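New to this one? Take a moment to look it over, and then we'll walk through a few spots together.

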Amino acid sequence: NICVCLPACLVYHPSLSLCLPNHHFQLSNATLSTTFEMTSAASTTLYDHLKLTPNASLKEIHAAFRRQALKWHPKRNESSNGDKSAPLVASRHFADICESYEVLSDARLRVLYDRFGLEALREGVPGLNSSLLPFKAHHPQTTFKSFFGTDNPFESFFHDYGLTFSDGRNQSPAHQFNQDFGPRIADLKRKRPEVVQTLYVSLSDLYMGREMRVSIETSSASDTAQSPDTQKTLTFRIEPGLNTGSKIRFEKQINETHNHQAADIVFVIEEKPHERYRREGNNLVYTAEIDLVDALTGGFVEITTLDQRQLRVPINDIISPHSRKIVKNEGMPIRGAQQRGDLHVVFDIRFPSTLSPLQKRDLRATLEESSS
């Protein structure tokens with residue numbers, strides 16, 4: 001026997017663009033010519049399993065394995081419209097795909113396969129002694145897990161960790177999977193219910209509008225892995241005239257988990273109670289305190305508006321406990337229209353705490369006279 005390096009015609013492959021000068025094989029003179037005669041019978045079966053051509057690059061091999069391994073993984077084919085043979089067919093395809101990737105992703109094994117075929121790899125090449133031969137594939141799940149970092153096809157691409165391939169490269173799943181799978185990844189995750197938070201807003205802010213800054217927790221209590229940064233501040237504007245019950249939605253603000261898509265967060269507007277004002281649709285209702293004498297004899301009510309203007313509202317009629325005085329166009333802004341609702345003034349009448357006998361007599365006489 002003689003020890004030689006594989007000649008350039010054997011170890012150089014145009015699609016790999018590399019040589020393997022340090023890998024030695026033992027061949028005998030008697031079998032050397034027989035060995036090279038086998039190169040003309042190169043098989044493409046492993047390339048066919050990955051839907052590739054023999055000149056595929058290493059990058060294309062990785063991408064093809066991602067597609068085919070996830071497509072034919074047994075866990076994704078446990079039920080197929082009542083076809084009982086589907087899981088068995090998927091398992092066979094999965095095993096072939098994993099074996100194909102294991103061979104073609106290893107530069108030395110790929111060269112030997114291209115020259116001698118799969119059976120030669122499995123059984124050994126006559127006259128060729130190598131630690132690589134005979135080749136025995138690992139269990140398919142072992143190959144899958146070494147590539148994806150998990151044996152669960154539904155979980156494998158949900159972690160933003162580096163994947164280590166047989167050639168030692170580290171790649172980001174976000175970079176690797178998006179192009180190949182796109183929206184199909186999201187389809188495999190369950191949709192997480194939207195997160196609803198009540199946002200209490202003052203009536204003054206609903207009247208004038210305001211920019212809001214709200215901090216939210218972007219992780220969920222069910223998350224198994226907490227992000228170092230789970231706080232986020234959202235900035236948005238409360239538009240003038242916004243109604244109680246209005247919703248402000250921010251899409252995909254709550255972190256996705258292993259099994260769920262990123263969730264929306266929805267703020268539901270709730271009006272804070274105001275000391276003097278309350279809202280009735282687009283109208284504002286203001287409670288004015290007046291003395292009984294003003295309610296009976298007239299006067300003025302001074303009102304501070306929600307934007308801090310001063311209104312002087314005259315009282316010309318007798319005010320009863322259920323009276324309302326309407327001031328046009330002083331209510332809430334109407335969204336989408338250049339106008340406002342009205343201001344309704346209702347009255348809280350202050351009665352005197354005591355009256356002297358003389359006052360009572362005079363008041364009674366006056367009231368009886370006015371009612372006659």
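## Around Glu271

Setting aside neighbours within four places in sequence, Glu271 is in contact with Val201, Leu203, Leu206, Thr244, Arg278 and Arg279. Bear in mind that this is a predicted model. Glu271 sits in strand 9, which covers residues 263–271.

So what about charge partners? Glu271 is buried but has no salt bridge. Arg279 is the nearest side chain of opposite charge, at 4.9 Å, and a salt bridge needs the charged atoms within 4 Å.

## The sheet it belongs to

Strand 9 is part of an open sheet of three strands, in the order 5-9-8 and with mixed pairing. Strand 5 (195–201) and strand 8 (247–254) are the edge strands; each has a single partner strand, so one side of each is left without a neighbour in the sheet. From one strand to the next, the twist averages 30°.

Strands 5 and 9 run parallel, and seven bridges join them. Across from Glu271 in strand 9 you'll find Val201.

## The nonpolar cores

In soluble globular proteins, nonpolar side chains tend to be buried together. Here the largest nonpolar core has 38 residues, and those touching the most other members are Leu199, Phe236, Ile238, Phe267, Ile303, Leu343 and Phe347. There is also a second, separate core of 29 residues, with Ile97, Tyr101, Leu133 and Phe148 among them.

Which residues does Ile238 contact, leaving aside its neighbours within four places in sequence? They are Leu199, Val201, Asp205, Leu206, Gly209, Arg210, Met212, Ile248 and Ile269. Val201 and Leu206 also turn up in the contacts of Glu271.

Key. Residues numbered from 1 in each chain as written. Predicted model: local features only at pLDDT ≥ 70, side-chain atom pairs only at ≥ 80, totals over all residues. Heavy atoms only, no water. Helix = DSSP H or I, 4+ residues; strand = E, 2+ residues; numbered from the N terminus. Buried < 20%, exposed > 50% of the residue type's maximum accessible area, 1.4 Å probe, protein only. Lys, Arg positive; Asp, Glu negative; His and termini not counted. Contact = heavy atoms within 4.5 Å. Pairing = 2+ DSSP bridges. Axes fitted to C-alpha atoms, helices over the stretch in contact; angles between N-to-C directions. Core = buried A, V, L, I, M, F, W, Y, C linked by side-chain atoms within 4.5 Å.
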